[in-house]
Amino acid sequence: MNNTDLDKVLSKAKVPEPRPGFWDDLPRNVQRGIDSADRRDERFETPGAWVLLLRKAALPLAFAAVCVMIGFIFGANSRKSARADQAEIAEARACWNEVVAMFPNQLQAIVFDQQGSHLVLSEQANQAPVAPIYLKMCDGKQCRRFVTFSGQQIKVNGETFEVLIDRQGEVLLIGDAKVWKSSSEATRMGDFKVFATSLANS
Amino acid sequence: MELTVNEDFIREHQRMIYSLCYRMTGSVADAEDLTQETFIAAHQQIESFRGQARVSSWLYRIGINRCLNWQKKQKRQRELHQEWGERRELEGGASDSARVQEALMRLAPEERAAVALVIFEGQKHGEAAAALGCAETTVSWRLFQARRKLKKLLSKGETP
C-alpha cells in the first residue's frame, strides 16, 4: 500500500453523525456552558482553604509519582542487552531510507528509545549523503538505538560521543576519555555495552 | 476583525470541529462533549485570536488542544478498543470506516492529530504545525510514522 492508496482509504472513512438534535442544541448548550463558566470564575476568584491545601500537597505528590515512574522505567529496561538483532537493523535501515527521502541532506540521526523514535535534523540541507551507521548503546538500565553517520555527535546520558567510520567500515565511537572500535573484542565502553555496524555492510 | 462566538459562528464551524474531535477520540459521545468544550474555550480565549490568522486555524488549535488534553486525562483507551471490538463483532465484521477509526486509535495522540489535521481536514503541514504548536518538520515526521503504522494496520487481510 502506498501513500496515495492509504489516503484514499482514509478519506473514504466517514464520521458518524452525533445523536439526533445535537446540532440544533449545540449553540444553546455552548451559551449555557459559557454562562456557567463565567459564574464559576466569579465564585472562585479567591481560592478557598482546601485549594491552598491541595496546592501544598501537589508538589510532594508529583515528586512521588515521578520517582515511581522512574523506578518503573529503569526496572523494566534493566534486562535489555546490547546485542542488536538483525530485525532491529533491518527496521533501522528501512526507516533511514524512508526518512532520508523525506528530508534530503537534513538528517543527522534517528534515535530510538523508550519514548519512540525521534529525528535529529539540521536546519540547513547541508548534510553530505554518506552511508548510515547503526549504533546501539545500553547502560544496564536502558538501551538507545541510533541511525546516524560518520562525523555526527550523539548524546547519551549527558555524555557526547563522536561517531566515525573508516574505509573498511569499522565504526569508531569517541567519548570524552574513551574510544571504542567495532572491530575490537570489547563490547563495553565505560558504562555502556555497545554494538555498531555500517548499514551499508550489514 | 471582531470575532464573536455566537450561533452563526458555531453553526459555521460545528461540523469541522466535531469531525476533528471524533477522529481524535473515536467516540461520538466524547466528540460531542469536546465540540461543545471547544466553542466554550474559543469564547474564553477570544482575545488570543489575531485578525491575520484564519479563524478555522485558530479554532483547530483550540480544538486539537482540548482533544490532546482529553487524551492525557483519558484512562479508558483499553475499554474503548474493547468497545470497538465488541461493536465490530455485533456488526458481523467492521465497516471500512470503523476499521480506519480503530487503526487511528492505535496511533500516538500526536500522530493522530497530524493525520486528522493534514489528511482529514486538508491542512498544509505548516498550518497543522501552527495548530499543534510544533515545527513543520515535526508534523512531517509524525505523519510519516503514522502512515507507516496505518499501512501495516490497514493492509489487505489484516485486522487493525
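**Two chains, two pockets**

Tutor: By class, six nonpolar, four polar and four charged residues line the second largest pocket. The model is a predicted one.

Student: What is the volume of the second largest pocket, and which residues are closest to its centre?

Tutor: The volume is about 270 Å³. The lining has 14 residues, and Ser48(B), Ser57(B), Trp58(B), Arg61(B) and Ala130(B) are the closest to the centre.

Student: Why is Trp58(B) counted as nonpolar and Arg61(B) as charged?

Tutor: Trp is on the nonpolar list and Arg on the charged one, so each residue takes the class of its type.

Student: Which elements of chain B supply at least two residues of that lining?

Tutor: Helix H3 (55-73) and helix H7 (125-132) of chain B do. H3(B) has the largest share, six residues.

Student: Now the largest pocket. What is its volume?

Tutor: About 720 Å³. Its lining has 27 residues. Closest to the centre are Gly116(A), Ser117(A), Glu111(B), Gln145(B) and Lys149(B).

Student: How do you know which chains give elements to this lining?

Tutor: Look at the elements with two or more residues there. Chain A gives H4, strand S1 (107-113), S2 and strand S4 (143-149). Chain B gives helix H6 (109-120) and helix H8 (136-154). The most comes from H8(B), with eight residues.

Student: What makes up the lining of the largest pocket by class?

Tutor: There are seven nonpolar, eight polar and 12 charged residues. Gly116(A) is among the residues closest to the centre, and Gly counts as polar.

Student: Why is the pair Asp7(A) and Arg147(B) called a salt bridge?

Tutor: The closest N and O atoms are 2.8 Å apart. The cut-off is 4 Å, between a side-chain nitrogen of Lys or Arg and a carboxyl oxygen of Asp or Glu, so the pair qualifies. Asp7(A) lies in helix H1 of chain A and Arg147(B) in helix H8 of chain B, so the pair joins two chains.

Student: What makes Arg19(A) and Glu32(B) a salt bridge?

Tutor: Their N to O distance is 3.4 Å. That is within 4 Å, so the pair qualifies.

Student: How many salt bridges are there between chain A and chain B, and how many over all chains?

Tutor: Four between chain A and chain B, and 14 over all chains. Eight residue pairs are in polar contact between chain A and chain B.

Student: Which elements of chain A touch chain B?

Tutor: Those giving two or more residues are helix H1 (3-12), helix H2 (22-43), helix H4 (86-102) and strand S2 (116-121). H2(A) gives the most, with 11 residues. This side of chain A divides into 23 nonpolar, seven polar and eight charged residues.

Student: How many residues of each chain are in contact?

Tutor: 38 of chain A with 33 of chain B. The cut-off for contact is heavy atoms within 4.5 Å.

Student: What area is buried between chain A and chain B?

Tutor: About 3,300 Å², with 68% from carbon and sulfur atoms. Leu10(A), Val15(A) and Trp23(A) supply 19% of the area that chain A buries against chain B, more than any other three residues.

Note on methods: Residues are numbered from 1 along each chain as its sequence is written. Chains are lettered from A and ligands numbered from 1 in the order in which they are written. This is a predicted model: local features need pLDDT of at least 70, side-chain atom pairs count only at pLDDT 80 or more; totals for chains, interfaces and linings use all residues. Side-chain values use heavy atoms; hydrogens and water are left out. Buried area is the accessible area (1.4 Å probe) that two parts lose on being put together, summed over both. A polar contact is a pair of N or O atoms within 3.5 Å; within protein, one must be able to donate a hydrogen and the other to accept it, and residues adjacent in sequence count only if both atoms are side-chain atoms. Helices (H or I, at least four residues) and strands (E, at least two) are DSSP runs, numbered from the N terminus. On a 1 Å grid over the protein atoms alone, a cavity is a set of points where a 1.4 Å probe fits but cannot get out, and a pocket is an open set with protein on both sides within 12 Å along at least five of seven lines; lining residues have an atom within 4 Å of a point. Grid points are joined across faces, edges and corners, and a volume is the space filled by probe spheres set on the points.
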